[in-house]
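Please open the structure in your viewer and keep the selection panel at hand. The tour begins with the whole chain and then moves to a single helix and its surroundings.

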Amino acid sequence: MNALTAISPIDGRYRNKVENLGDYFSEYALIKYRVQVEIEYFLALTEMDIKALADFPKDQKDSLRSIYIDFSIEDAKKIKDIEKVTNHDVKAVEYFIKERLSDLDLSQFEEFIHFGLTSQDINNTAVPLSLRDAVHQEYIPLLDELIHTLNELSQEWKEIPMLARTHGQPASPTRLGKEIYVFVERLDVQKRQLLAIPFSAKFGGATGNMNAHFVAYPKIDWVDFANNFVNNTLRIDRSQTTTQIEHYDNAAALFDAMKRINSIILDLDRDMWTYISMDYFKQKIKAGEIGSSAMPHKVNPIDFENSEGNIGMANAIFEHLSAKLPVSRLQRDLTDSTVLRNVGVPIGHTLIALQSTLKGINKLLLNEAKLAEDLEDNWAVVAEAIQTVLRREGYPKPYEALKGLTRTNDVISAKSISEFIDSLEVSEEVKSELKLINPRNFTGINMVK
């Protein structure tokens, strides 16, 4: 495949950013995970009290596992060739494995490949396996990197005072480090919630009741077998009561959790974009880069914009996945099948967004002079402090007094605030206390741990 001819930007322009996801969500990956489930299921059957499998040579287990461990593109192509005949993707996997058993002189056991199963017993274990691996091996490390980077900046900037803005207007000052730490805490809380969601799988035969298993071997506890196989061998979580398909409720919860995390990152992107536009941050300049084809001076916040756009794409698809997958007519319809093939798409856009946000953050250069200038230009924000101290002192209508001073179009300066304090009928001790308050130190408790 040539990236220049790809339809999706994930496989085209951004291929180098998400190439690893091919190990989890490509057609090749899906086939490989299916082969893994089929073989591990067969090996689990050989441990049961099944007479036809009693003579299975246990020293062949590694040879069987090597079929999926060493699974190649050529193997996947062979399965796709079989599928051209069967017109059924999971049946093609079954026939491929049976051929490999024949190569190992194990063809007498081949009818226990896919024994008693329907295709969704394979799909609804292969997909959560791939999703689990992608989340833990690709997504969480990148999310952790963002949280760690933000936490480091919150520590570095925890003493830097900054004018806050609510509704876009000057508000009680804060600290830059604390405003960054807000996102550290939000992301950390949502990450813990995400990690608490099980990767659920369906494994119960044609309509979820182990019908074929039970009719063939009624004395075996097939529910216990299925639980042990899915929970302990595959290390995902078996849903106990299902139709032909997994109900996808936990998958929907996972996608909703990822969507929430994306929304937090989008909020961060927009704040960083705004701080850059306010000149609170400059950006590192890379030799040879061009910000505008017409305006040579521009250094645009393109990384935060790129992240915001990719989050929009990701969340739109996450929204559809979480709304559609839990809904299926009666014991099953096929709408989940084509939708599941797109699981990697929003995760791809999410990884692109995370990388872009990190890139943007790592280009930031703090402009302390601008932060100090904005504080000095907005002495009106100390009005809250003054009126609160006056309330403490029992001063009559302090809010209204400060409102009369500050809610005008006149410039409020250190001088006008000082003159106002001098006019108050309070003790000299209180006046001295009030004159110590300024926009740089009226920042409250330092919330950064």
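Begin with the whole surface of this predicted model, where the protein exposes about 22,600 Å², of which carbon and sulfur atoms supply 51%.

Switch next to a C-alpha trace, whose atoms fill a box of roughly 100 × 55 × 40 Å along the principal axes. The radius of gyration of the protein is 31 Å, whereas a compact globule of 449 residues would have one near 22 Å.

Now colour by secondary structure, and you should find 19 helices and six strands. If you colour by burial instead, buried residues make up 49% of the 449 in the protein. Among contacts with a separation of 6 or more, 78% join residues that are 24 or more positions apart.

For the charges, select the 52 positive and 66 negative side chains, and note that the centres of these two sets lie 2 Å apart.

Then select residues 368–376, which form helix H15, and show the side chains of Lys-370, Leu-371, Asp-374 and Leu-375, which are buried. These buried residues lie on the same side of H15, because they cover an arc of only 140° around the axis. An α-helix has 3.6 residues a turn, so residues three or four places apart point the same way.

What do the buried residues of H15 pack against? To see their partners, add strand S1 (161–166), strand S2 (169–175), helix H8 (176–195) and strand S6 (364–366) to the selection, since the buried residues of H15 pack against each of these elements.

How values were computed: Residues are numbered from 1 along each chain as its sequence is written. This is a predicted model: local features need pLDDT of at least 70, side-chain atom pairs count only at pLDDT 80 or more; totals for chains, interfaces and linings use all residues. Side-chain values use heavy atoms; hydrogens and water are left out. Helices (H or I, at least four residues) and strands (E, at least two) are DSSP runs, numbered from the N terminus. The radius of gyration is taken over C-alpha atoms; the globule rule is 2.2 Å times the number of residues to the power 0.38. Buried means under 20% relative accessible area, exposed over 50%, partly exposed in between (1.4 Å probe, protein chains only). Contact means heavy atoms within 4.5 Å. Accessible areas come from the Shrake-Rupley method with a 1.4 Å probe; for residues, only the protein chains shown count as cover. Lys and Arg count as positive and Asp and Glu as negative; His and the chain ends are not counted. The place of a charge is taken as NZ of Lys, CZ of Arg, CG of Asp or CD of Glu. The arc is that of the directions from the helix axis to the C-beta atoms.
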